[in-house]
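Thank you all for coming; I would like to use these few minutes to walk through one chain, region by region. Please keep the sequence and the coordinates open while I talk.

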Amino acid sequence: MSRMLQAACAILVSMLWFPAQLAAQQPSAPAAIRVVDIPIANYTPLLVARDKGYFAEENLSVTWSPVAQGAVAIEAVFGGSAEVGGSAVFETMVARGNGLDLMFLASGVHTNTSALLVRADDSIRAPADLAGKRISAGLVNSINYVHMQEWLQKKGVDAGKIEFLEIPFPQMADALFQKRIDAVWNVEPFVTFMTKSGKARILAYPYLDTIPGMDVANYFAKESWIKANPDLARRFRRAIDRATQFMADAAKEERDDWVAKFTGMKPEVAKEVTLPVFSTAFNVASLQANLDLAVRHKLVAKPYDVNAMIFRP
């Protein structure tokens with residue numbers, strides 16, 4: 001082969017090789033993950049992970065849409081309109097116990113940020129005074145509703161003598177103050193709004209009596225999606241865990257700032273609100289206790305292995 005031909009071949013090979021190498025070195029487009037969540041403090045790590053670049057470092061493009069209830073998030077994820085959801089652990093566990101292949105993707109918060117409130121001038125002073133009253137604990141068969149039933153039973157109050165009304169959290173204060181209802185189990189920031197108004201007082205913290213320090217919020221996905229996309233699930237988990245740990249370690253002022261941005265609360269309000277405890281570790285004992293509660297209240301037919309629904313990257 002002549003030198004001229006050899007040179008031509010070398011040029012041709014380099015023309016084919018360099019574009020291939022260049023393409024191989026180009027970073028792939030960020031993987032898109034859609035999240036549906038309740039726009040409350042529990043899911044602030046989503047904003048932290050985005051704005052601090054944790055998602056970008058994992059080559060993820062994560063967007064989220066607000067929903068009013070965790071049950072709606074479960075429907076969205078199971079129906080395929082989102083890959084990840086944010087919900088109470090109780091609803092996620094009940095869904096799995098009824099045949100939906102949902103799995104805990106990442107931990108969220110432990111809590112005592114919800115409370116049972118009555119009007120400040122009401123004669124209700126003890127659990128026994130609730131007999132025959134009208135109460136709202138959110139959706140029937142939701143986490144607060146079931147824990148309310150359990151709490152009443154522990155306090156010797158017949159829940160069958162109480163009228164339960166389904167009222168969204170933001171509307172509970174008006175319903176209570178207008179005397180359309182006698183007590184509400186509400187969540188933050190509404191607990192703070194209500195007590196600061198001087199028109200409501202806290203009667204009890206039912207979670208403390210049922211399962212102290214329990215896991216409340218989580219990020220979940222379909223188990224089939226996690227198994228089909230294990231690397232994607234790991235990357236999301238790493239970024240969220242990193243953001244959750246940031247929230248756990250941050251000074252109160254900085255943490256309040258992030259919560260205000262995520263929820264839309266005014267900064268001065270966020271400073272007054274009792275925030276949940278952010279944690280990257282699942283409290284398995286509390287998960288088991290919630291499952292036992294779901295079985296006891298006949299929302300799940302039989303127990304199952306709680307550990308089997310925790311994603312362990």
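Where in the chain does alanine 301 lie? Alanine 301 belongs to the segment after α14, the helix of residues 284–296, and I should say at once that we are looking at a predicted model. With a relative accessible area of 74%, alanine 301 is exposed. From its C-alpha atom to that of lysine 199 the separation is 42 Å, and the two residues are 102 residues apart along the chain.

Lysine 298 has its place in that segment after α14 as well, and its phi is near 60°, a positive value in a residue other than glycine. As background, most residues other than glycine have a negative phi, and most peptide bonds are trans. Lysine 298 has a relative accessible area of 74%, and because anything over 50% is called exposed, that is how we class lysine 298.

Let me turn to α14 itself and its packing against α6, the helix of residues 143–154. The axes of these two helices, α6 and α14, come within 11 Å and cross at roughly 80°, which makes α6 roughly perpendicular to α14. On the α6 side the contact is made by Val146, His147 and Glu150, and on the α14 side by Asn290, Leu293 and Arg296.

Now to the loop that leads into α6. Asparagine 141 is found in the loop between β6 and α6, and its phi is near 75°, again a positive value in a residue other than glycine. With a relative accessible area of 40%, asparagine 141 is partly exposed. Is serine 142, which has its place in that loop between β6 and α6, buried or exposed? Serine 142 counts as buried, because its relative accessibility is 8%. If we leave aside its neighbours within four places in sequence, serine 142 is in contact with Phe90, Glu91 and Ala137.

For another backbone feature, please look at the loop between β8 and α8, where proline 189 is found. The peptide bond from glutamate 188 to proline 189 is cis, with omega near 10°.

Next, the charged pairs. How many salt bridges does the count come to? The count comes to 15 salt bridges, and I will describe a few of them. In one, the side chains of glutamate 223 and arginine 96 meet at 3.1 Å, N to O. This pair links distant parts of the chain, with glutamate 223 in helix α10 and arginine 96 in helix α5, 127 residues apart. Both partners, glutamate 223 and arginine 96, are buried.

In another, arginine 119 and aspartate 122 meet through their side chains at 3.0 Å, N to O, and both arginine 119 and aspartate 122 are buried. Aspartate 182 forms a salt bridge with arginine 134, where the closest N and O atoms are 3.4 Å apart. Here too the pair links distant parts of the chain, since aspartate 182 sits in the loop between α7 and β8 and arginine 134 in strand β6, 48 residues apart. Aspartate 182 is buried, with a relative accessible area of 9%, whereas arginine 134, at 28% relative accessibility, counts as partly exposed. Taken as a group, Arg119, Asp122, Arg134 and Asp182 are linked in a network of salt bridges.

Which way do α11 and α12 lie with respect to each other? Helix α11, residues 230–249, packs with helix α12, residues 252–263, at an angle of about 130°, with their axes 8 Å apart, and α11 and α12 are therefore oblique to each other. The contact involves Phe246, Met247 and Ala248 of α11, together with Glu254, Arg255, Trp258 and Val259 of α12.

Phenylalanine 246 is buried, with a relative accessible area of 17%. Beyond its neighbours within four places in sequence, phenylalanine 246 is in contact with Val48, Lys52, Tyr54, Glu254 and Trp258. Phenylalanine 246 and alanine 49 are 197 residues apart in sequence, yet 9.3 Å apart in space, C-alpha to C-alpha.

I will finish at the surface. Ile202, Tyr205 and Leu208 make a nonpolar surface patch of about 230 Å². Leucine 208 lies in helix α9, residues 206–210, and at 40% relative accessibility leucine 208 counts as partly exposed.

Notes. Residues are numbered from 1 along each chain as its sequence is written. This is a predicted model: local features need pLDDT of at least 70, side-chain atom pairs count only at pLDDT 80 or more; totals for chains, interfaces and linings use all residues. Side-chain values use heavy atoms; hydrogens and water are left out. Patches are made of residues with over 30% relative accessible area and no salt bridge: like charges are joined within 9 Å, nonpolar side chains (Val, Leu, Ile, Met, Phe, Trp, Tyr) within 5 Å. Accessible areas come from the Shrake-Rupley method with a 1.4 Å probe; for residues, only the protein chains shown count as cover. A salt bridge is a side-chain nitrogen of Lys or Arg within 4 Å of a carboxyl oxygen of Asp or Glu. Helices (H or I, at least four residues) and strands (E, at least two) are DSSP runs, numbered from the N terminus. Buried means under 20% relative accessible area, exposed over 50%, partly exposed in between (1.4 Å probe, protein chains only). Axes are lines fitted to C-alpha atoms, for helices over the stretch in contact, and angles run from 0 to 180 degrees between N-to-C directions. Angles under 35 degrees count as roughly parallel, over 145 as roughly antiparallel, 65 to 115 as roughly perpendicular and the rest as oblique. Contact means heavy atoms within 4.5 Å.
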